[in-house]
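Biologist: Hey, could you walk me through this one? I'm new to reading structures, so plain words please.
Modeller: Sure, let's look at it together.

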Amino acid sequence: SFKRKVHEALGDAGLSEQLIWVDTNAALHTKGILTEWALVDGSMNLTERGVGVNDEAVSLWFDPERIAEARVHFSSL
């Protein structure tokens, strides 16, 4: 339902073409949100409990080099 809500919200804002959603079967537990200007990554599940209740490891990056590395990584999935 989170994925559907994100797609709907972006569609309402006219930004649906800006999202690339990647589902993998990789054993990694890390998740990420990548934009042109920022990267959020870590163990946090993108759920109400993950965002508001659980203690999670989360990093927020604005460094262009780190963002470029993540873009390369995400595109290889």
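**Salt bridges and surroundings**

Modeller: Let's start with a pair in one helix: R66 and E69 make a salt bridge, and their closest N and O atoms are 4.0 Å apart. Keep in mind that this is a predicted model.

Biologist: Where do R66 and E69 sit relative to each other?
Modeller: Both are in helix α3, three residues apart, and that is about one turn of the helix.

Biologist: Is E69 buried, exposed or partly exposed?
Modeller: E69 is partly exposed, at 46% relative accessible area. R66 is partly exposed too, with a value of 23%. The cut-off for buried is under 20%, so R66 does not count as buried.

Biologist: OK. Which residue does D41 form a salt bridge with?
Modeller: With R66, and there the closest N and O atoms are 3.0 Å apart. That pair ties together distant parts of the chain: D41 belongs to strand β2 and R66 to helix α3 (residues 64-75), with their positions 25 residues apart in the numbering.

Biologist: And D41, buried or exposed?
Modeller: D41 is buried, with a relative accessible area of 13%. The limit for that label is under 20%, so D41 qualifies.

Biologist: So which residues are linked in a network of salt bridges?
Modeller: D41, R66 and E69 are.

Biologist: How many salt bridges are there in the whole structure?
Modeller: A search of the whole structure turns up three. Besides the two we've talked about, R4 forms one with E8, where the closest N and O atoms are 3.3 Å apart.

Biologist: Why are R4 and E8 about one helical turn apart?
Modeller: Because they are four residues apart in helix α1, which covers residues 2-12. R4 is partly exposed at 45% relative accessibility, and E8 is partly exposed at 41%.

Biologist: Back to R66 for a sec. What is R66 in contact with, leaving aside its neighbours within four places in sequence?
Modeller: L39, D41 and W61. You can also compare R66 with A38: they are 28 residues apart in sequence, and their C-alpha atoms are 9.0 Å apart in space.

Biologist: What about the next residue along, I67? Buried or exposed?
Modeller: I67 is buried, with a relative accessible area of just 5%. I67 is found in helix α3.

Biologist: What does I67 touch, not counting residues up to four places away in sequence?
Modeller: Quite a list: L34, T35, E36, W37, A38, L39, W61 and F62. Take T35 from that list: the C-alpha atoms of I67 and T35 are separated by 8.1 Å, although the two residues are 32 apart along the chain.

Biologist: New topic. How many cavities of 30 Å³ or more does the structure hold?
Modeller: One. About 50 Å³ of space lies inside the largest cavity.

Biologist: Which elements give two or more residues to the lining of the largest cavity?
Modeller: Strands β1 (31-34) and β2 (39-42). The full lining is K31, G32, I33, V40, D41, G42, M44, L46 and V58. Notice D41 in there, the residue that also forms a salt bridge with R66.

Biologist: How do the residues of that lining divide into nonpolar, polar and charged?
Modeller: Five are nonpolar, two are polar and two are charged.

Biologist: Let's zoom out. How many helices and strands are in the chain?
Modeller: Three helices and three strands. If you read along the sequence, the pattern goes α-β-β-α-β-α.

Biologist: How much of the chain counts as buried?
Modeller: The chain has 77 residues, and 12% of them count as buried. I67 is one that carries the label, at 5%.

Biologist: And what about the exposed surface, how much does the chain expose?
Modeller: About 6,200 Å², with carbon and sulfur atoms supplying 55% of that area.

Biologist: Last one: what share of the contacts between residues at least 6 apart in sequence join residues at least 24 apart?
Modeller: That share is 32%. You've met two examples: R66 is in contact with D41, at 25 residues apart, and I67 touches T35, at 32 residues apart.

How values were computed: Residues are numbered from 1 along each chain as its sequence is written. This is a predicted model: local features need pLDDT of at least 70, side-chain atom pairs count only at pLDDT 80 or more; totals for chains, interfaces and linings use all residues. Side-chain values use heavy atoms; hydrogens and water are left out. On a 1 Å grid over the protein atoms alone, a cavity is a set of points where a 1.4 Å probe fits but cannot get out, and a pocket is an open set with protein on both sides within 12 Å along at least five of seven lines; lining residues have an atom within 4 Å of a point. Grid points are joined across faces, edges and corners, and a volume is the space filled by probe spheres set on the points. Ala, Val, Leu, Ile, Met, Phe, Trp, Tyr, Cys and Pro count as nonpolar, Asp, Glu, Lys and Arg as charged, and the others, Gly among them, as polar. A salt bridge is a side-chain nitrogen of Lys or Arg within 4 Å of a carboxyl oxygen of Asp or Glu. Buried means under 20% relative accessible area, exposed over 50%, partly exposed in between (1.4 Å probe, protein chains only). Contact means heavy atoms within 4.5 Å. Accessible areas come from the Shrake-Rupley method with a 1.4 Å probe; for residues, only the protein chains shown count as cover.
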